[in-house]
Every structure is written in C-alpha cells, then in structure tokens.
Amino acid sequence: MQPGDLDRVHALETELFPEDAWPRTMFDEELAHPTRRYWVITRDREVVAYAGMMCIPPVGDVQTIAVAAEHEGNGLGSALLRVLHEAAVDAGATEMMLEVRADNPRAQALYRRFGYRHIHTRAHYYGPGHDALIMRCELLPAGRDERSADGRTIHEHR
Ligand SMILES: CC(C)(COP(=O)(O)OP(=O)(O)OC[C@H]1O[C@@H](n2cnc3c(N)ncnc32)[C@H](O)[C@@H]1OP(=O)(O)O)[C@@H](O)C(=O)NCCC(=O)NCCS
C-alpha cells in the first residue's frame with residue numbers, strides 16, 4: 001500500500017466498515033509507523049482489497065483486512081492473511097492476534113480456517129452491545145504459496 005492508494009482504500013473502508021471506518025489520517029499514520037506493514041490487491045490497477053499488520057515479535061496483530069464486496073468469496077481475504085502470516089514469521093513472530101466483531105461470522109470463519117481460536121471477549125468494544133472477539137493463532141514457519149495467483153497482484157510499499 002502506498003499513499004497514492006489511499007483515496008480508493010479509504011472509499012472501500014467507509015463502504016465496508018460503515019459503523020467504525022478508520023479516518024483517512026489513521027491510514028497515513030499507520031503507513032508511516034515502523035512496526036506496521038500494509039498490502040493491497042489490485043485488479044486492472046484498481047485496489048480491490050487491503051490488509052495490514054503490526055508486528056512486534058514475538059506477536060503480530062492483524063490491524064485490518066478488507067475485500068471489496070463484489071470480490072468477496074474469491075480467496076482474496078485468504079491471500080492477504082497468508083501474506084500477513086508470512087511477513088510476521090519472517091519478522092520473527094510466533095503468534096498472531098486480532099480483534100473481530102462478534103457479529104461478523106464471515107470474518108470469523110476465515111480466521112478459524114487459518115487456525116485462529118477465540119480466547120477472550122471484550123464487551124462493548126465497538127460500542128454499546130457490539131463486542132469484540134479476541135482471536136489468537138500460533139504461527140508455524142511454512143512454505144510460501146500463491147501470493148500472486150489468479151492474475152492478481154499484491155503490492156507493498158516501504
Ligand atoms: C472477511 C473478508 C475479509 C473475507 O474475505 P474474502 O475474500 O471473501 O475471503 P475468502 O474468499 O478468502 O474466503 C475465506 C473464508 O471466509 C468465509 N466466507 C467467504 N465468503 C463468505 C460468505 N459469502 N458467507 C460466509 N462465509 C464466507 C469462508 O469461511 C471462506 O472460506 P471457504 O470459502 O474456503 O469456506 C471479507 O468478507 C470482507 O472484507 N468483509 C468486510 C470487511 C470485514 O469484515 N473485514 C474483517 C474485519 S475483522
């Protein structure tokens with residue numbers, strides 16, 4: 001992800017997280033922060049998905065992951081999560097943590113498939129009545145796989 005991606009990234013952010021979208025300045029700060037890394041997936045030069053992590057070994061945190069609605073269910077979320085895990089392992093992390101809304105079963109299904117387990121609930125984390133599940137996954141050094149499969153490209157800018 002680079003600063004030039006942020007118009008499109010922030011437009012997706014407001015669509016995909018209508019109740020708790022990050023302000024654009026948050027992305028500026030995240031991109032500038034040395035412990036953060038962000039990626040986008042593009043199709044025909046347009047950003048269709050993005051994700052980022054914080055990594056302070058031995059722990060990585062999934063900061064965000066999002067796929068444009070018309071591209072859901074095609075493996076892009078999985079591809080991004082795989083890239084985050086690989087980068088975290090490369091940086092020396094042995095575990096990954098994340099927060100997910102309790103009312104977001106689709107994201108939870110993705111995380112469970114990657115080995116995340118629910119370890120804690122933060123009540124009202126996203127506002128009254130909207131809890132966060134804290135999920136954790138042990139990272140195993142593993143072979144790399146289809147980072148750029150299916151004609152898509154995943155870009156990082158550092
Ligand atoms: C959650 C999200 C990132 C998943 O991305 P995706 O590209 O659709 O995910 P994938 O295609 O890689 O699918 C991964 C798994 O998610 C689940 N999933 C995907 N589409 C689904 C659907 N329509 N209904 C239910 N589960 C679904 C499935 O478990 C799927 O695995 P499987 O198809 O192999 O069984 C995407 O739906 C999204 O951006 N949602 C809005 C933003 C959001 O909630 N982000 C997460 C914040 S914590």
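## Fold, ligand shell and proline 58

From the N terminus on, the elements of the protein chain follow the order α-α-β-β-β-α-β-α-β-β-β, in what is a predicted model. The secondary structure of the protein chain thus amounts to 4 helices and 7 strands. The radius of gyration of the protein chain is 15 Å, close to the 15 Å that the globule rule gives for 158 residues, so the chain is as compact as a globular protein of that length. Along its principal axes the C-alpha trace of the protein chain spans about 40 × 35 × 30 Å, and buried residues account for 28% of the 158 residues in the protein chain. When contacts between residues at least 6 apart in sequence are considered, 55% of them join residues at least 24 apart.

UniProt, in an unreviewed entry, lists residues 1-140 for "domain: N-acetyltransferase". Over residues 1-140 the chain is 31% helix and 34% strand, and the end C-alpha atoms lie 25 Å apart.

The ligand is considered next. There are 18 residues around the ligand, and those that come nearest are Glu72, Gly77, Ser78, Ala109 and Leu110. Two or more residues of the shell around the ligand come from each of strand 3 (59-67), helix 3 (76-90) and helix 4 (105-113), and it is helix 4 that gives the most, with 5 residues. The shell around the ligand can also be divided by residue class, as the table shows.

| Class of residue in the shell around the ligand | Number |
|---|---|
| Nonpolar | 9 residues |
| Polar | 6 residues |
| Charged | 3 residues |

Strand 3, which is among the elements that give two or more residues to this shell, is also one boundary of the loop that holds proline 58, the other being strand 2 (46-56). Is proline 58 buried or exposed in this loop? A residue counts as exposed if 12 or fewer other C-beta atoms lie within 10 Å of its own, and proline 58, with 12 other C-beta atoms within 10 Å, is therefore exposed. Proline 58 nevertheless has contacts with residues from another part of the sequence: leaving aside residues up to four places away in sequence, proline 58 touches Gly92, Ala93, Thr94 and Glu95. As for methionine 96, which is 38 residues from proline 58 along the chain, the C-alpha atoms of the two residues are separated by 8.6 Å.

Note on methods. Residues numbered from 1 in each chain as written. Predicted model: local features only at pLDDT ≥ 70, side-chain atom pairs only at ≥ 80, totals over all residues. Near = placed C-beta within 6 Å. Nonpolar A, V, L, I, M, F, W, Y, C, P; charged D, E, K, R; others polar. UniProt positions renumbered as here; feature names shortened; annotations may be inferred. Rg over C-alpha atoms; globule rule 2.2 N^0.38 Å. Buried ≥ 20, exposed ≤ 12 C-beta atoms within 10 Å, placed from the backbone. Contact = placed C-beta atoms within 7 Å.
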